[in-house]
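Colleague: I have this model open and would like to look closely at one part of it. Could you walk me through a single position, then work outwards to whatever surrounds it?

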Amino acid sequence: MPSSAGPGPDASNAAGLAADIERRLREAGTPARAAAARAYLKSSMEFAGVGLPGLRGIVRALLPRRPAMARGDLLAVVTELWARPLFECRLAASMLLVDHAEALTTADVALVERLIRESGTWALVDELAPVVMGGLVERYPELTAVLDRWAADGDFWVRRAALLSLLRPLRRGEGDFDRFARYADMMLAEREFFIRKAIGWVLRDTGRRRPDLVAAWLEPRIQQVSGVTLREAVKPLPPETAARMLAAYRARPRA
């Protein structure tokens with residue numbers, strides 16, 4: 001189990017390090033950017049107003065990607081950052097988990113799930129699901145049982161995370177498309193935009209390497225699939241295939 005992969009902050013200093021990151025974020029932010037980000041994400045959280053490049057610079061100046069942080073230090077800093085009232089602190093916590101994902105083990109799934117449940121926005125879920133949980137599932141295939149549970153969860157952000165946790169290997173032309181297809185079928189009738197978009201996103205990225213597989217899954221579901229899903233999914237398909245599917249979608253009977 002990876003637990004001490006290099007120097008990092010002592011766990012007892014995690015609160016001080018998180019406070020330093022928060023201070024730097026607040027100093028780097030602007031009220032105008034904070035208001036724009038809050039409106040864009042439709043969030044009630046407090047925002048410092050720091051762009052992603054600036055946030056990365058602050059985090060990696062203090063905690064670079066290499067050498068990897070020890071697991072205990074990583075979890076301590078992440079927990080301290082997540083508990084702070086600033087959106088960018090939560091995004092910094094997510095970024096640290098992405099940067100040091102190889103330090104995580106199956107024992108950390110409960111924390112990852114808690115963070116996803118508390119995220120309330122794609123801007124955090126989409127950091128945590130594909131790389132952090134997705135990486136864990138690739139290293140520990142038994143965690144697909146957790147994804148099976150997530151796919152039927154009452155929280156649509158958790159269901160979105162189940163879909164996106166399968167994304168990276170599918171994007172490489174590998175991965176468990178049958179499992180994704182099962183989850184997508186379970187959610188196909190949902191009206192939630194972020195579920196429809198996630199299904200389309202995974203299909204789009206899968207289709208870049210395996211267009212025939214995606215087309216074969218989509219075609220018999222034209223009567224059920226949403227326009228949001230379909231428009232994403234057909235982007236990498238051959239033009240004649242995409243045009244045929246879009247025409248069939250437009251011609252389907254409307255309730």
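Modeller: Let's start at E113, which sits in helix α6, residues 109–119. Keep in mind that this is a predicted model. E113 counts as buried because its relative accessibility is 12%, and the cut-off for buried is under 20%. What does the side chain of E113 make a polar contact with? The partner is the side chain of W150, at 2.9 Å. Leaving aside residues up to four places away in sequence, E113 touches V146, R149 and W150.

Now follow those contacts into helix α8, residues 144–151. Two of the residues that E113 touches, V146 and W150, are on the list of buried residues in α8, along with T144, L147 and A151. Looking down the axis of α8, you'd find these buried residues within an arc of 150°, so they line one face of the helix. What do the buried residues of α8 pack against? They pack against α6, α7, α9 (156–164) and α11.

D148 is another residue of α8, and D148 is partly exposed, since its relative accessible area is 32%. D148 forms a salt bridge with R182, where the closest N and O atoms are 3.5 Å apart. R182 belongs to helix α11, residues 177–187, so to speak a distant part of the chain: the two residues are 34 residues apart. R182 counts as partly exposed too, at 41% relative accessibility.

Back to W150, the polar partner of E113. The largest nonpolar core has 89 residues, and W150 is among those with the most contacts inside it, a group that also includes L81, L96, M133, F180, L203 and L218. Which helix gives the most to this core? That is α7, with nine residues.

Take L81 from that group. Not counting residues up to four places away in sequence, L81 touches A18, I21, C89, R90, A92, A93 and L96. Several of these names come back in helix α5: C89, R90, A92, A93 and L96 are among its buried residues. Helix α5 covers residues 87–99, 13 residues in all, and reaches 18 Å from its first C-alpha to its last, close to the 18 Å expected at 1.5 Å a residue. How many of the residues of α5 are buried? The count is 12 of its 13, so α5 is mostly covered. Beyond the ones L81 touches, the buried list for α5 includes F87, E88, L91 and D99. The buried residues of α5 pack against α1, α2, α3, α4 (71–82), α6 and α7. That brings us back to α6, the helix that holds E113.

A few words on salt bridges elsewhere, with the D148 pair in mind. The structure holds 30 of them. One is between E46 and R26, with the closest N and O atoms 2.7 Å apart. E46 lies in the loop between α2 (31–41) and α3 (52–62), while R26 is in helix α1 (residues 14–28), so this pair ties together parts that are 20 residues apart in sequence. E46 is partly exposed because its relative accessible area is 34%, and R26 is partly exposed with 35%.

Another salt bridge joins R204 and D205, their closest N and O atoms being 2.9 Å apart. Are R204 and D205 buried or exposed? Both are buried. They belong to a network, too: salt bridges that share partners join R171, K197, R204, D205, R208, E232 and K235.

To get a feel for distances across the model, try two pairs of positions. A35 lies in helix α2 and is partly exposed, with a relative accessible area of 39%. The C-alpha atoms of A35 and L111 are separated by 30 Å, and the two are 76 residues apart along the chain. Then there's R254, in the segment after α15 (239–251). R254 counts as exposed because its relative accessibility is 52%. Between the C-alpha atoms of R254 and E102 the separation is 48 Å, with their positions 152 residues apart along the chain.

So, to come back to where we began: E113 is buried at 12% relative accessibility, and its side chain makes a polar contact with W150, one of the residues with the most contacts inside the largest nonpolar core.

How values were computed. Residues numbered from 1 in each chain as written. Predicted model: local features only at pLDDT ≥ 70, side-chain atom pairs only at ≥ 80, totals over all residues. Heavy atoms only, no water. Helix = DSSP H or I, 4+ residues; strand = E, 2+ residues; numbered from the N terminus. Buried < 20%, exposed > 50% of the residue type's maximum accessible area, 1.4 Å probe, protein only. Polar contact = N/O pair within 3.5 Å; in protein donor to acceptor, adjacent residues only side chain to side chain. Contact = heavy atoms within 4.5 Å. Salt bridge = Lys/Arg side-chain N within 4 Å of Asp/Glu carboxyl O. Expected span 1.5 Å × (residues − 1). Core = buried A, V, L, I, M, F, W, Y, C linked by side-chain atoms within 4.5 Å. Arc of directions from axis to C-beta.
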